[in-house]
Amino acid sequence: MSDNYKTSLQSRRRFLATAGAATAALSIPSALPAWARSAPATSLIGLRPLSGKTFDLTVSAAKTVIDGRLGHSVLVNNQLPAPLLRWREGDEITLRVRNELREDTSIHWHGILLPFYMDGVPGVTYPGIKPGETFEYRFPVVQSGTYWYHSHSGLQEQSGHYGPIVIDPIDPDPVAYDREYVIVLSDWTFEHPHRVFAKLKKMSDNYNFQQRTVGEFFRDVGDKGLAQTVEDRAMWGQMRMSPTDIADVTGATYTYLVNGHGPEDNWTGLFRPGERVRLRIINASAMSIFDVRVPGLPMTVVQADGLNVQPVETDEFQIGTAETFDVVVHPTEHKPYAFVAESNDRSGMAFGTLAPQIGMTARAPAKRVRPTLTMKDMAHGAHDGHSMHMAHPKEGSNQAEHKGNADVEHDASHGEMDHSAMGHGGTSHAGMSHGSMDHASMSHARMEDESMDHAVMGHSASMHDSMSKPQMGMGADMAPSPRTTQSTEIVRGPGVVNIAENPTNRLHERPLGLIDAPHRVLVYTDLKSLDPNPDTRPPEREIELHLTSNMERYIWSFDGLKFSEFDGPILFYKDERLRLTLINNTMMPHPIHLHGMFFEVVTGEHHHKPRKHTIVAKPGEKLSVDITADAVGDWAFHCHLLYHMHAGMMRVVSVVDKSKPG
């Protein structure tokens, strides 16, 4: 049977299944729970739910049709996205994952609270899953909400290795709704992901086809005058940066997907007029930040990163890579509505339709004008009364440090950093007793960025062969004194070309591209947790981390060092309350994700701070999150832009129990 015939047959079967599911979706008895009523429509949109306590998942190479074009992918159970996993709070679940690839694979359960050796990060929490092997994940489900799962090996996530998770609560759901849809947003490229990465290493703006034009120059001259326009161009030229460099990988190669469907596929979710429809929106993209709206329908945000928030109505919100937002819409008219997720650089969009019947199609809106960065996004006040500072490799020392002030109050005093406590100096990762793990054998420094495989995260094969459930242990004498601020030093070198002179807290600001939108736009300070924060202790200490880069060489790092260059982990101490402050010295937003724990975003002095597992740090921003370190073990901490992590923007956080000797 030819591939063309198989593709055609699959298309006809999809159409017949869609028609049958559409008919069934609107005929389901309303007495059933909302998630059951939406099940046929879930099949309609390409997500096949698996529920229960035991799951069998198979990772394999496959071919996928996107907008009528055939591409190669890495899929779970031959589905794009991977199967929707429906769990119930309080159950213990078992997931048997078989690897049928020719390379190692893994599954990380994003946002799920579990023992660290079940977290699924090769080289950090376990060895990964080798070809032909099956790994059994087993853990209790201690939470509810909307989450997702994905590979943490190489660049498999870009090729389709991701899927949604919905956990039903034990107690009655505080969110009232009649029907629900899980919406997985993602980006798809027909190029091989390693080819994409290689292009970025050679020329970081390879996919930016939206550079400023001569016409824009003359328009700016008309608005600002010749002198200011020339000065602006000269400043960007001096920094070797472009104000249009908003997304590394763009619609030049990406097709943006809704539940595995390209815009031409017209994903459709059905509703009855008057129903309250819950949309569980997951950004499972590799590199894309989306601006989400349903033109003509207000959205009430009810959940962020799986945790309930006080309902807040908005017309549009930005969802960073790896974030999740649940919203409720209330369509009352018998007409189709467009579901729009536009890339933040305006190079493309994921698009679908909410409709009262199959066959109705909403009109896709035109792409909006591409925004441009300003000196504020570089935390330079050249236009705000401050000076600009560039960090070139030849200037400064390896111990150079720069601090900025945030607009949020810090409870911790600002003392000097104790590097022994941070694992930079005398602390050896080999002393962490990761089974038989020997950090000296990891060969981090010999790794080349182009060939770096996060399936092993730079660790040697010999370590994987001997590694089982890692055991933790660090000396209690390394604990810092209470109420101190540990401000990490930026290591100057070829990986750091900019130090933010005046980073500020921007959590209250609209994101780039939505600043002048004529409608309501959600910002982080709009979010308040539904329940009071479980731990209201003030932080005992504060750790500052700098997000750093050399975009021209496509080097991404923390504190000027790539993952392969760090000697040890960031140390948290069991049950301590600490504040983590992030300073973004780059001109790009970064969705920063902490495994194993939630944190409270410091949006003010109250006990309903939003609790999240991922936070987008805007360019030039200084933001803080408060953490209760209640999960002993090793946890990945990284930028969730896949190629940034692959290039080095990752650390390991070790939560250690001081009461147990190392």
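Before anything else, a word on pairing: two strands count as paired here if DSSP finds at least two bridges between them. Good morning, everyone, and keep in mind that the model I'm showing is a predicted one.

With that in hand, let's go to the six-stranded sheet. Its order is S11-S10-S13-S18-S15-S16, the sheet is open, and the pairing is mixed. Which strands stand at the edges? They are S11, residues 254-258, and S16, residues 307-314. Each has a single partner strand, so one side of each is left without a neighbour in the sheet. On average, neighbouring strands of this sheet are turned by 20 degrees against each other, direction ignored.

Let me stay at the S11 edge for a moment. S10, which covers residues 179-189, is joined to S11 by five bridges, and these two strands run antiparallel. If you'd like a residue pair to find on your screen, take Trp188, whose bridge partner in S11 is Thr255.

Now on to another sheet. This open one is formed by five strands, in the order S1-S4-S9-S8-S6, with mixed pairing. At its edges are S1, residues 49-51, and S6, residues 108-110, and each of them pairs on one side only. From one strand to the next, the twist averages 25 degrees. S1 runs parallel to S4, residues 84-88, and three bridges join them. Here the pair to look for is Ser51, which stands opposite Arg86 in S4.

Further along the chain, have a look at S24, residues 570-573. Are its faces covered or open? Both are covered: Ile570 and Phe572 lie on one side, Leu571 and Tyr573 lie on the other, and all four are buried. S24 pairs with S32, residues 650-656, in the parallel sense, over four bridges. Tyr573 comes up again in that pairing, with Val656 as its bridge partner in S32.

Finally, the cavities. How many of 30 Å³ or more does the structure hold? There are seven. The largest has a volume of about 320 Å³. It is lined by 23 residues, and the closest to its centre are Gln318, Pro511, Leu512, Val616 and Lys618. What is the make-up of that lining, in nonpolar, polar and charged residues? It divides into 14 nonpolar, three polar and six charged.

That's my tour, friends. Thanks for listening, and I'm happy to go back to any part of it.

How values were computed: Residues numbered from 1 in each chain as written. Predicted model: local features only at pLDDT ≥ 70, side-chain atom pairs only at ≥ 80, totals over all residues. Heavy atoms only, no water. Axes fitted to C-alpha atoms, helices over the stretch in contact; angles between N-to-C directions. Buried < 20%, exposed > 50% of the residue type's maximum accessible area, 1.4 Å probe, protein only. 1 Å grid on protein atoms, 1.4 Å probe; cavity = no way out; pocket = protein on both sides within 12 Å on 5 of 7 lines; lining within 4 Å. Points joined across faces, edges and corners; volume = space filled by probe spheres on them. Nonpolar A, V, L, I, M, F, W, Y, C, P; charged D, E, K, R; others polar.
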